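Here are three short exercises to work through with the model open beside you. Try each task before you read its solution.

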Amino acid sequence: MHDPADVFPDTKFVNDLSSSIVVPAHDSGHGGAHREGLRHPKWQRQTGLTLGALGVVYGDIGTSPLYTMRESVRATGGDFPPHLAIMGAVSLIFWSLTIVVTLKYIIFVLRADNKGEGGVLALAALAHRSPGLSRSIKGLISFSAVMGLALFFGDGLLTPAISVLSSVEGLTVENHHLAPLVLPITLLILVGLFVIQSHGTARIGRLFGPVMVVWFITIGILGLHSLVQTPSALEAMNPYYALNLFVREPWAAFVSLGSVILAVTGVEALYADMGHFGKRAIRQAWLAISLPCLTLNYLGQGALLLRDPHAIENPFFNLAPGVLHYPLVALATVATVIASQAVISGVFSITSQSVQLGQLPRMEIRHTSATDYGQIYVPRANAMMLIGVIAIVLIYKSSDALAAAYGFAVTGMMMITGWLLLIVAIKQWHWKKRYLILVFGVMLVVDMTFFAAVSLKIFEGAWLPIAIAACAYFMMETWRMGRRALLERIYGQGLSMDLFLERADKTPIRVSGTAIFFTPRLDEVPGALLHNLKHNQVLHERVVLLQVNVDDTPFAAPERRIDVTKLGKGFYTMTVHFGFFEEPDVPRVLEQARAHGLAIDLDTTTFFIRRETIVRAKRSDLKPWRAWLFIKLSGSALEAAQFFRLPPGRVVELGTQIEI
């Protein structure tokens with residue numbers, strides 16, 4: 001179990017030089033909206049946000065009709081009469097969208113905002129701040145946050161693979177001879193998608209919303225056209241058909257939920273992107289466009305299957321008339337690329353946040369746009385995703401096979417979100433007991449039922465996201481444990497700052513300028529300072545001990561940004577606060593120190609950094625494999641000077657070897 005302070009301290013995260021600060025995936029929901037409001041009327045701004053939400057938030061869930069209906073009917077078709085299987089599958093999908101997406105996320109989860117931001121990390125931080133929590137509950141919250149991160153990485157690899165593959169497979173509906181081209185085309189699209197990440201997606205990103213509007217309207221019209229021919233399919237909206245499956249064949253109906261869950265994959269994006277688009281835009285996009293069009297399409301696919309059960313091979317593409325088939329394949333491919341792009345951007349964001357939380361080593365994070373705030377690129381994450389997605393496509397080779405692997409990570413994150421929301425509802429919203437039982441009772445039953453159904457598919461393919469999540473979890477856990485062991489070796493037994501100041505007058509020489517030493521502890525003399533004094537026999541006329549803290553809010557309050565304390569004899573302590581969506585630009589923040597009585601001229605300032613070379617001790621605090629992995633991770637970490645954006649010509653690194 002995690003120590004709560006490891007992930008969500010009560011007031012801050014203390015970062016040593018191997019910790020870091022997140023580069024935001026998007027702008028603040030408040031600041032961005034305010035700036036837009038200065039330039040555009042309110043209705044135009046809201047329309048733009050709603051359009052953007054369609055392109056980013058609903059890309060994944062909006063392309064689910066490509067494979068969900070096919071897999072759901074197949075799951076029910078073996079144990080029920082065709083008519084009942086089709087109507088039951090459509091009913092299950094419709095009510096899953098209603099209960100999971102509309103009721104749980106749109107109505108309730110979006111209420112839990114952490115200073116305007118959402119997502120599993122923001123929710124965990126919000127829950128951790130709840131009053132009256134025991135240490136064990138806080139530890140469980142921290143563990144849930146790490147598991148949510150790990151599951152997100154697993155889902156992030158599967159989404160591009162199944163989305164693009166399912167769209168390209170549409171080529172074979174009209175011409176089966178094109179089947180050998182499906183894999184090469186899929187791989188070509190995916191490789192191209194990951195290659196362009198380094199160049200940024202700001203320009204094409206502006207097309208995401210309009211393209212997805214065309215997509216949703218198209219699938220809605222196709223579904224309506226089919227529904228007009230067989231209006232009896234509308235009866236599937238009656239929950240009787242879903243419940244009837246469980247009455248007639250409880251086990252078969254339960255197993256089918258493992259495929260029905262595909263209809264709500266991507267639902268976490270609703271909450272994760274709340275800070276970017278705002279609650280109102282996300283709700284409007286869902287209720288006005290996404291939900292009606294998805295409902296029409298699923299009902300239309302059901303109507304098609306009622307008329308022609310043989311269309312089960314690909315009911316989505318069979319909705320289109322022959323002349324529109326290939327244009328629909330092209331549009332579907334573009335839509336799935338957009339959905340994949342949104343997931344990739346999300347992985348970049350969550351990777352940055354994982355680094356900031358101390359769960360992963362520092363990584364290079366590039367800004368790919370000078371004007372679009374939040375456009376970032378993480379080279380290491382991009383390379384790992386590319387390798388993983390290609391491997392998944394080559395292993396599974398079809399969307400049918402991948403469908404068995406898809407869904408486990410989603411249900412896991414749904415359960416984590418539900419229980420964290422429960423803590424917030426009890427401790428911060430102060431809901432009455434009857435409301436808690438009614439609302440969260442329904443959510444809990446639905447989430448656990450879906451999770452149990454997907455768990456049955458472990459040997460069919462669901463082991464893959466579990467394996468990916470397990471690898472991510474053990475990597476993050478190893479990094480956390482290694483950093484804790486390392487800090488215990490370095491700090492806690494050093495020279496106190498008070499004692500050092502008493503002897504500061506005996507220092508041989510004080511030279512002009514300012515020296516800044518990074519340290520996680522202000523009560524102890526940094527090792528870099530002692531090394532500099534030992535070897536160079538000098539101290540600068542002004543010495544600043546700099547501690548970088550990350551608060552458990554997305555953006556640090558301006559009044560908390562910087563705190564300066566004068567110790568005397570030319571020594572100062574400085575604490576800099578960042579939120580977990582902010583950039584680690586230390587020099588820019590230092591400019592604010594003037595208002596606190598400490599004017600820092602970067603041209604006469606030297607930054608001293610302790611560079612650690614870690615070797616395995618004969619008696620290590622870690623298991624051999626953990627020690628080996630931690631040393632490898634530590635060696636791959638981005639240099640602190642580069643990460644904190646320090647001026648290259650003003651940095652001095654003092655190396656030291658540490659056994660762990």
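**Exercise 1.** Locate phenylalanine 317 and decide whether this residue is buried or exposed.

*Solution.* Start with the secondary structure: in this predicted model, phenylalanine 317 sits in helix α18, which covers residues 315–318. Next, take its relative accessible area, which is 1%. Buried means under 20%, so phenylalanine 317, at 1%, is buried.

Now look at what surrounds the residue. Once neighbours within four places in sequence are set aside, phenylalanine 317 is in contact with Leu66, Ser166, Ser167, Gly170, Val173, His325, Leu328, Val329 and Ala332. Pick one of these partners, leucine 328: the two residues lie 11 apart in sequence, and their C-alpha atoms are 7.5 Å apart in space.

**Exercise 2.** Find out how many residues of helix α14 are buried, and which helices they pack against.

*Solution.* Helix α14 runs over residues 250–260, and eight of its 11 residues are buried, leaving the helix mostly covered. The buried ones are Ala252, Ala253, Phe254, Ser256, Leu257, Gly258, Ser259 and Val260. Following their packing leads you to α5 (68–77), α6 (82–108), α13 (239–248) and α23 (433–455).

**Exercise 3.** Classify valine 442 by its accessibility, then name the patch it belongs to.

*Solution.* First, place the residue: valine 442 is in helix α23. Its relative accessibility is 34%. Partly exposed covers the range between under 20% and over 50%, so valine 442, at 34%, is partly exposed. Finally, Val442 joins Leu103 and Ile107 in a nonpolar surface patch, with about 200 Å² of accessible area together.

Definitions and conventions
Residues numbered from 1 in each chain as written. Predicted model: local features only at pLDDT ≥ 70, side-chain atom pairs only at ≥ 80, totals over all residues. Heavy atoms only, no water. Helix = DSSP H or I, 4+ residues; strand = E, 2+ residues; numbered from the N terminus. Buried < 20%, exposed > 50% of the residue type's maximum accessible area, 1.4 Å probe, protein only. Contact = heavy atoms within 4.5 Å. Patch = residues over 30% accessible without salt bridge, like charges linked within 9 Å, V, L, I, M, F, W, Y side chains within 5 Å. Areas by Shrake-Rupley, 256 points an atom, 1.4 Å probe, with all protein chains shown as cover. Salt bridge = Lys/Arg side-chain N within 4 Å of Asp/Glu carboxyl O.
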